[in-house]
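Here are my notes for a colleague who is opening this structure for the first time. They are set out as numbered points, to be read beside the sequence and the model.

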Amino acid sequence: MALTKNERRIRIKNRIRKIVSGTQERPRLTVFRSNKEIYAQVVNDVTGITIAAASSRDKDIAKSKGSKTEIAALVGKTVAEKAMKAGVETISFDRGGYLYHGRVKSLAEGAREAGLKF
């Protein structure tokens, strides 16, 4: 029987998570994308602590007009700025089973522009 889109994404996500893990020196930038919103977190998997987080539902980002791709870039910049304030410069990118395309790519490029190193 064929897999649904979400089941396929979960399998890919688990395959990625076997390899990508966040540490104190190099935390993991994880992305969740729904149909309407996009969320990003910088996570230290060793201690299980979220260092920084941003989403398209944040008040300053939700006010801005633009396409979902442009808003994803704003989320990337915001999470990168919060992570830089917390002392994080390099991260490992976890695309969460999504293709590196569209909103996920835009978020990653926004984070790079704000100064994070992948």
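1. This is a predicted model, and the structure holds 4 salt bridges. One of them pairs Arg17 with Asp45, where the closest N and O atoms are 3.6 Å apart. Because Arg17 lies in helix 1 (residues 5-19) while Asp45 lies in the loop between strand 2 (38-44) and strand 3 (49-55), the pair ties together parts that are 28 residues apart in sequence. Arg17 is partly exposed, with a relative accessible area of 30%, and Asp45 is also partly exposed, at 24%.

2. Asp45 also meets the side chain of Arg28 in a salt bridge, with an N to O distance of 2.8 Å. This pair links distant parts of the chain, since Asp45 is in the loop between strand 2 and strand 3 and Arg28 is in strand 1 (residues 28-33), 17 residues apart. Is Arg28 buried or exposed? Arg28 counts as buried, at 8% relative accessibility, the cut-off for that class being under 20%. Taken together, Arg17, Arg28, Asp45 and Asp94 are linked in a network of salt bridges.

3. A further salt bridge is formed by Glu113 and Lys77, whose closest N and O atoms are 3.5 Å apart. Glu113 belongs to helix 4 (residues 103-113) and Lys77 to helix 3 (residues 68-85), so this pair ties together parts that are 36 residues apart in sequence. Glu113 counts as exposed, at 60% relative accessibility, whereas Lys77 counts as partly exposed, at 31%.

4. Turning to the interior, the largest nonpolar core has 23 residues, and those with the most contacts inside it are Leu29, Val42, Val75, Val79, Phe93, Leu107 and Leu116. Strand 1, strand 2, strand 3, helix 3 and helix 4 each supply at least two residues of this core, and the largest share, 6 residues, comes from helix 3. As general background, nonpolar side chains tend to be buried together in soluble globular proteins.

5. How are the strands arranged around strand 2? Strand 1 and strand 2 run antiparallel and are joined by 6 bridges, with a hairpin of 4 residues connecting them. Strand 2 also pairs with strand 3 in the antiparallel sense, over 6 bridges, and these two strands form a hairpin with 4 residues between them, where Gly48 in the turn has a positive phi of about 75 degrees. Of the 7 residues of strand 2, 5 are buried, so this strand is largely enclosed by the rest of the structure.

6. Val42 deserves a separate look, as it stands opposite Leu29 on one side of the pairing and opposite Ala52 in strand 3 on the other. Leaving aside residues up to four places away in sequence, Val42 touches Pro27, Arg28, Leu29, Ile49, Thr50, Ile51, Ala52, Val79, Ala83 and Ile91. Arg28, which appears in that list, is the residue that forms a salt bridge with Asp45.

7. Asn44, also in strand 2, counts as buried, at 3% relative accessibility. The side chain of Asn44 reaches the backbone nitrogen of Val46 at 3.0 Å. With residues up to four places away in sequence not counted, Asn44 touches Gly22, Thr23, Gln24, Pro27, Ile49 and Ile51.

Conventions. Residues numbered from 1 in each chain as written. Predicted model: local features only at pLDDT ≥ 70, side-chain atom pairs only at ≥ 80, totals over all residues. Heavy atoms only, no water. Buried < 20%, exposed > 50% of the residue type's maximum accessible area, 1.4 Å probe, protein only. Core = buried A, V, L, I, M, F, W, Y, C linked by side-chain atoms within 4.5 Å. Contact = heavy atoms within 4.5 Å. Polar contact = N/O pair within 3.5 Å; in protein donor to acceptor, adjacent residues only side chain to side chain. Pairing = 2+ DSSP bridges.
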